[in-house]
Amino acid sequence: MSEFTVGEFIAERSVHLTRESLVRYAGASGDFNPIHYRDDVAAAVGLPGVLAHGMLTMGIAVGTLAEALGDSGRIAEYGVRFTRPVVVDPETGADLHVSAKVGAVDDETARIDLTVTFAETTVLGKAQVRVRLR
């Protein structure tokens, strides 16, 4: 028997990002692309502003689930499509909202569907995590 029920919400959280968050992530990841910290560069390449790193957004999303599971080793597979940017305002930052809902369950795994929004817009498409059952 599974500990998951299809349609059940199992985790939810909001994360506030600041420009400092982006600089810290750049240092940790080694991704120093200036579109993640310089307004002039972002504007020069046609972006609406400084963007959060896609992998940061992806990590925040799966981290929400990992915390709820209590064991990140149960995560067998994770994939997303980057559909919209997360623009981090220099003064107000950006708020991400993550919710995790059970999409399917089989004999060995559950598929958890993540919904990640910024400014009421979904920013990760087809964000799905395959989790091993206990």
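This report walks through a predicted model of one protein chain, from its overall layout to a few individual residues.

## Overall layout

Let's start with the big picture. The chain has 134 residues, and 38% of them count as buried. Its C-alpha trace spans about 55 × 30 × 20 Å along the principal axes.

As for secondary structure, you'll find three helices and six strands. Reading from the N terminus, the order is β-α-α-α-β-β-β-β-β.

## Salt bridges

General background for this part: side chains of opposite charge can pair when their charged atoms come close. This model holds five salt bridges, and three of them are worth a walk-through here.

Take Arg 74 and Glu 3, whose side chains meet in a salt bridge at 2.8 Å, N to O. Arg 74 sits in the loop between α3 (54-69) and β2, while Glu 3 is in the segment before β1 (9-17), so this pair ties together parts that are 71 residues apart in sequence. How covered are the two partners? Arg 74 counts as buried at 6% relative accessibility, whereas Glu 3 is partly exposed, with a relative accessible area of 43%.

Next up are Arg 19 and Asp 39, with a salt bridge of 2.9 Å from N to O. Here the link runs between helices: Arg 19 belongs to helix α1 and Asp 39 to helix α2, so the pair ties together parts that are 20 residues apart in sequence. Arg 19 counts as buried at 17% relative accessibility, because the cut-off for buried is under 20%. Asp 39, at 37%, counts as partly exposed.

The third one pairs Asp 40 with Arg 38, and the side chains meet at 2.6 Å, N to O. Asp 40 counts as partly exposed at 46% relative accessibility. Arg 38 is partly exposed too, with a relative accessible area of 37%.

## The largest pocket

On to the empty space. The largest pocket has a volume of about 160 Å³. It is lined by 14 residues, and the closest to its centre are Ala 52, Gly 54, Arg 84, Pro 85 and Val 86.

What kinds of residues make up the lining? By class, there are eight nonpolar, five polar and one charged. Arg 84 is the charged one, because Arg counts as charged and Arg 84 is among the lining residues.

## A nonpolar patch on the surface

Not every nonpolar side chain is tucked away. Val 23, Phe 32 and Tyr 37 form a nonpolar patch on the surface, and together they have about 300 Å² of accessible area. If you want to find Phe 32 in the viewer, look in the loop between α1 (19-29) and α2 (39-44).

## Two positive phi angles in one loop

Now for the backbone. Which residues have a positive phi although they are not glycines? Ala 119 is one of them, with a phi of about 50 degrees, and Glu 120 is another, at about 60 degrees.

Ala 119 is found in the loop between β4 (109-118) and β5 (121-122), and Glu 120 lies in the loop between β4 and β5 as well. Buried or exposed? Ala 119 is exposed, with a relative accessible area of 58%. Glu 120 is exposed too, at 82%. Both count as exposed because their values are over 50%.

## Val 123 and Tyr 78

Further along, Val 123 is found in the loop between β5 and β6 (124-132). Val 123 is buried, with a relative accessible area of 2%. Its C-alpha is separated by 12 Å from the C-alpha of Met 55, and the two residues are 68 apart along the chain.

Tyr 78 is in strand β2, which covers residues 75-82. With a relative accessible area of 21%, Tyr 78 is partly exposed, because buried would need a value under 20%. How far is Tyr 78 from Val 50? The two are 28 residues apart in sequence and 26 Å apart in space, C-alpha to C-alpha.

Technical notes. Residues numbered from 1 in each chain as written. Predicted model: local features only at pLDDT ≥ 70, side-chain atom pairs only at ≥ 80, totals over all residues. Heavy atoms only, no water. Patch = residues over 30% accessible without salt bridge, like charges linked within 9 Å, V, L, I, M, F, W, Y side chains within 5 Å. Areas by Shrake-Rupley, 256 points an atom, 1.4 Å probe, with all protein chains shown as cover. Salt bridge = Lys/Arg side-chain N within 4 Å of Asp/Glu carboxyl O. Helix = DSSP H or I, 4+ residues; strand = E, 2+ residues; numbered from the N terminus. 1 Å grid on protein atoms, 1.4 Å probe; cavity = no way out; pocket = protein on both sides within 12 Å on 5 of 7 lines; lining within 4 Å. Points joined across faces, edges and corners; volume = space filled by probe spheres on them. Buried < 20%, exposed > 50% of the residue type's maximum accessible area, 1.4 Å probe, protein only.
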